[in-house]
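Please open the model in your viewer and keep the sequence panel beside it. The stops below go from the whole chain to a single side chain.

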Amino acid sequence: SSSMILFWPIIATGLFDRDVTDEQAIRFPALYETGRLGLDLNLSKMIEMLLSAFVHSLVIMTVAVVSVGDLDIGATGSYYSFSFMIFSWVVLTMNYRATFITTTYNWVFVASLGVSFFTYVLFVVLYSDLPSFFPEVYGLAFHVTQRPLFWMGTLAVPLLAMMIDMFKAYLMLEFFPDTRDLI
């Protein structure tokens, strides 16, 4: 389910994101070196992205572990509440991350974010409000979203991820700039 929800912003970024305008590419041909030399897609960049994903998952897990005690109520049970929180925060954080790595914002990208959030809401409504399919999670979304800690986590998780990403971007720009940064 998360693949179909998170699919749209990444595809829009991959299809429509441009680092530089046509005029900048003609004016600074050295910018082509990053693609030709494989500076954007190499082992070190993949390791960097994997470490970033690992740090984001630690943020999500930490906030969820701190919050789950408040959600252990008879109607939901802590396991399903915990799972719902993590799923919700993963969707939110990954949509934030797609927004963070995109440099060209257009209507297609904004629409893809809208489709992503719409499919998330549709999934949550169908999954937690149909008692015949999943009786153990019936009404789960309603009960979890009534808790203030869920909403505090919904604010805290992307903000923490954003702070970490901005700090990492600052360090990379300050100490390890690439050709595009120097031009």
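Colour the protein chain by accessibility to begin with: of its 183 residues, 29% count as buried. With the whole chain still selected, the C-alpha atoms fill a box of roughly 65 × 30 × 25 Å along the principal axes, and a cartoon view shows nine helices and zero strands. If you draw the contacts with a separation of 6 or more, 74% of them in this chain are accounted for by residues 24 or more positions apart.

Because this is a predicted model, recolour next by pLDDT, which averages 83 over the protein chain, with 90% of the residues scoring at least 70. Select helix α6 (residues 107-128) to see where confidence is highest, at a mean of 92, and then helix α9 (residues 179-182), where the mean of 66 is the lowest. Where pLDDT is low, the predicted coordinates should not be read in detail.

Move now to helix α4, residues 43-67, which has 25 residues and spans 36 Å from its first C-alpha to its last, close to the 36 Å expected at 1.5 Å a residue. Show its side chains and pick out E48, S52, H56, V59, I60, V63, A64 and S67, which are the buried positions in α4. An α-helix has 3.6 residues a turn, so residues three or four places apart point the same way. Which helices do the buried residues of α4 pack against? Add α5 (78-101) and α8 (148-175) to the selection, since these are the two partners against which they pack.

Hide α4 for a moment and look at the pair α5 and α8, whose axes come within 10 Å and cross at roughly 35 degrees, α5 passing α8 in a right-handed crossing. On the α5 side, the residues making this contact include F84, W89, T93, R97 and F100, and on the α8 side they include L149, F150, A161, D165 and A169. Coloured by residue class, the residues of this contact divide into 14 nonpolar, four polar and three charged.

Bring α4 back and centre on H56, which lies in that helix. Is H56 buried or exposed? H56 has a relative accessible area of 3% and is therefore buried. Leaving aside residues up to four places away in sequence, H56 touches T93, R97, A161 and D165. Of these residues, T93 and R97 belong to the α5 side of the contact between α5 and α8, and A161 and D165 to the α8 side, which makes H56 a suitable last stop.

Technical notes:
Residues are numbered from 1 along each chain as its sequence is written. This is a predicted model: local features need pLDDT of at least 70, side-chain atom pairs count only at pLDDT 80 or more; totals for chains, interfaces and linings use all residues. Side-chain values use heavy atoms; hydrogens and water are left out. pLDDT is the predictor's confidence in each residue, from 0 to 100. Helices (H or I, at least four residues) and strands (E, at least two) are DSSP runs, numbered from the N terminus. The expected span of a helix is 1.5 Å times one less than its number of residues. Buried means under 20% relative accessible area, exposed over 50%, partly exposed in between (1.4 Å probe, protein chains only). Contact means heavy atoms within 4.5 Å. Axes are lines fitted to C-alpha atoms, for helices over the stretch in contact, and angles run from 0 to 180 degrees between N-to-C directions. A crossing is left-handed if the near helix is turned anticlockwise from the far one by less than a right angle, and right-handed if clockwise. Ala, Val, Leu, Ile, Met, Phe, Trp, Tyr, Cys and Pro count as nonpolar, Asp, Glu, Lys and Arg as charged, and the others, Gly among them, as polar.
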